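Here is a short briefing on the model shown below. It starts with a single side chain and its surroundings, then widens to other sites and to the whole chain.

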Amino acid sequence: MKKRTLLHCALALAALPLALGAAAQDFPPKKPVTLVVGFAAGGAADAAARLIAKKLGENIGQSVVVDNKGGAGGNIAHQFVANAAPDGTVLLFGSVGPLTIAPHLMKLSYDPFKDLVAISGGVNFPNVLVVHKAAGAKTLTEFVQLSKKKPGSVDFASTGAGSASHLAGELFNQRAGIDMTHVPYKGGAPALQDLLGERITSYFAAPPTALPHIETGKLIPLATTGLTRPAYLPNIPTVAESGFPGFEALNWYAFVAPGKTPVPLLERWNQEIVKVLNDPGVKEALNKHGLTPQPTTRAELTAFMQKESTQWAAIIKERKLTAD
C-alpha cells in the first residue's frame with residue numbers, strides 16, 4: 001500500500017512540470033493578442049500603449065493590436081477585460097482611476113483586485129497645475145492665498161469624477177486647507193479648451209497636453225504633482241517642495257489581465273513587458289512624451305495598487321466625494 005502511494009506521488013510530481021508547461025505552451029498565444037486601452041486615441045495612454053505594443057509584437061513575433069474602448073473614465077475597458085477569456089490573449093493597459101479610485105466612488109460590475117490580476121507596472125507621470133494668465137497667481141503660494149481670500153471662487157477642471165486629475169485636486173484641497181470647486185469634463189481636451197478660454201481657473205493637466213501652451217505663455221505652471229521635478233519641467237517646483245511635504249499624486253498606467261489567467265502566462269507576459277519597458281529605444285520614446293517607464297514584478301504592482309487604493313479611499317471618505 002505504501003509502495004503504491006509512493007508510486008502515485010512520484011508520478012504526480014513527474015507530471016507537474018508537464019502540466020505547467022502545457023499551461024504556458026501557447027506563448028505567444030496562437031490567437032491574436034489585444035491590448036485594451038480605456039481612453040480615445042491621441043492621448044497619453046494611447047501613445048504609450050502603441051509604443052509598447054509595437055515593440056512587444058516585434059519581440060514575440062506576433063502583432064499586438066491596441067483596442068481603444070473609451071468611456072466612463074476608463075471603466076468600460078476595465079469591465080470588458082474583467083469579463084474577457086483568461087487565455088493570455090487580452091491584456092489591459094489599466095489606469096489609476098478605474099483600478100484604485102472608482103471602486104470607492106461608485107458601484108462597479110467588477111472588482112479590480114479579483115476580476116483583474118497584475119502583470120507589470122507600465123508608465124507614470126505627474127500632473128502639472130496650470131492657471132490662465134488672468135487668474136491672478138504666478139506661484140502656488142499666491143494660488144493658495146487667492147483660494148483662501150475668495151472661498152468658493154476658485155475652481156479646478158478634471159477629466160471626470162474619479163479621475164487622477166480630480167483626486168489630485170481634492171488631495172490638494174485637503175493638504176492646503178482650501179475648498180476649490182471641482183468641475184468635471186469628459187476629457188482633457190475640453191478641460192484645456194475652457195481653461196485657455198478663461199472659463200475655468202485651474203487644471204491639474206497631463207504635461208504632454210499642457211506643455212505647448214506653457215511654452216507659448218498662454219498658461220502659467222504653478223507646480224507638478226510628483227515628488228521630484230520632471231526633466232521636461234526642471235524650473236517648475238513640485239507641490240511637495242512648495243510647502244506641502246510628501247504630496248504626491250501621479251497618473252499611472254499598468255498592465256493587468258482577466259483575473260483567472262493562468263500564472264505561467266502572467267509570468268511570461270511580465271517578462272516580455274518588463275523587457276520592452278527596459279529597452280533604451282522605448283524608454284527614450286516614452287520620455288519624449290513625458291512618460292516614465294515603471295516596470296515591476298507582479299507582486300510589486302499588486303502592493304502598489306493596494307497602497308494607492310487605500311490612500312484614495314481615505315481622501316474620498318474625508319472629502320465626502322461622490323461620482324456625480
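Asp46 sits in helix α2, which covers residues 44-60. The model is predicted. In it, Asp46 counts as buried because its relative accessibility is 6%, and the cut-off for buried is under 20%.

**Asp46 and its partners**

- The Asp46 side chain makes a polar contact with the side chain of Arg50, at 2.8 Å.
- A second polar contact links the side chains of Asp46 and Asn68, at 3.0 Å.
- Beyond residues up to four places away in sequence, Asp46 touches Val37, Ala40, Ala41, Val66 and Asn68.
- Asn68 therefore appears both as a polar partner of Asp46 and among the residues that Asp46 touches, with contact meaning heavy atoms within 4.5 Å.
- Two of the secondary-structure elements named elsewhere take in residues from this list: strand β1 spans 33-37, and strand β2 spans 64-68.

**The loop between α1 and β1**

- Lys31 lies in the loop between α1 and β1.
- Pro32 belongs to the loop between α1 (2-24) and β1 (33-37).
- Lys31 is partly exposed, with a relative accessible area of 46%.
- Pro32 has a relative accessible area of 64%, so Pro32 is exposed.
- The side chains of Lys31 and Asp87 are joined by a polar contact of 2.8 Å.
- Setting aside neighbours within four places in sequence, Lys31 is in contact with Gln62, Asp87 and Thr89.
- On the same basis, Pro32 is in contact with Gln62 and Thr89.
- Lys31 and Gln62 are 31 residues apart in sequence, and their C-alpha atoms are 9.5 Å apart in space.
- Pro32 and Glu142 are 110 residues apart along the chain, with 53 Å between their C-alpha atoms.

**Val96 and Asn251**

- Val96 is found in helix α4, residues 96-101.
- Val96 is buried, with a relative accessible area of 4%.
- Neighbours within four places in sequence aside, Val96 is in contact with Ile101, Ala164, Leu250, Asn251, Trp252, Glu308 and Trp312.
- Val96 and Gly121 are 25 residues apart in sequence and 11 Å apart in space, C-alpha to C-alpha.
- Asn251 is found in strand β10, residues 250-258.
- Asn251 also counts as buried, at 9% relative accessibility.
- The side chains of Asn251 and Asn127 share a polar contact of 2.7 Å.
- Leaving out neighbours within four places in sequence, Asn251 is in contact with Val96, Val123, Asn124, Phe125, Asn127 and Ala164.
- Ala164 is in contact with Val96, and Ala164 is in contact with Asn251 too.

**Positive phi outside glycine**

- Ala72 has a positive phi of about 55°, although it is not a glycine.
- Ala72 lies in the loop between β2 (64-68) and α3 (75-82).
- With a relative accessible area of 52%, Ala72 is exposed, because the cut-off for exposed is over 50%.
- Glu198 has a positive phi of about 60° and is not a glycine either.
- Glu198 lies in the loop between α7 (188-196) and β8 (202-205).
- Glu198 is partly exposed, with a relative accessible area of 45%.

**The whole chain**

- The secondary structure comes to eleven helices and eleven strands.
- For 324 residues, a compact globule would have a radius of gyration near 20 Å; the protein has 22 Å, which agrees.
- The C-alpha trace spans about 85 × 40 × 30 Å along its principal axes.
- Buried residues make up 50% of the 324 residues.
- Among contacts with a separation of 6 or more, 76% come from residues 24 or more positions apart.
- The exposed area is about 15100 Å², and carbon and sulfur atoms supply 57% of it.
- There are 31 positive and 24 negative side chains, and the centres of the two sets lie 5 Å apart.

Methods
Residues are numbered from 1 along each chain as its sequence is written. This is a predicted model: local features need pLDDT of at least 70, side-chain atom pairs count only at pLDDT 80 or more; totals for chains, interfaces and linings use all residues. Side-chain values use heavy atoms; hydrogens and water are left out. Helices (H or I, at least four residues) and strands (E, at least two) are DSSP runs, numbered from the N terminus. The radius of gyration is taken over C-alpha atoms; the globule rule is 2.2 Å times the number of residues to the power 0.38. Buried means under 20% relative accessible area, exposed over 50%, partly exposed in between (1.4 Å probe, protein chains only). Accessible areas come from the Shrake-Rupley method with a 1.4 Å probe; for residues, only the protein chains shown count as cover. Lys and Arg count as positive and Asp and Glu as negative; His and the chain ends are not counted. The place of a charge is taken as NZ of Lys, CZ of Arg, CG of Asp or CD of Glu. A polar contact is a pair of N or O atoms within 3.5 Å; within protein, one must be able to donate a hydrogen and the other to accept it, and residues adjacent in sequence count only if both atoms are side-chain atoms.
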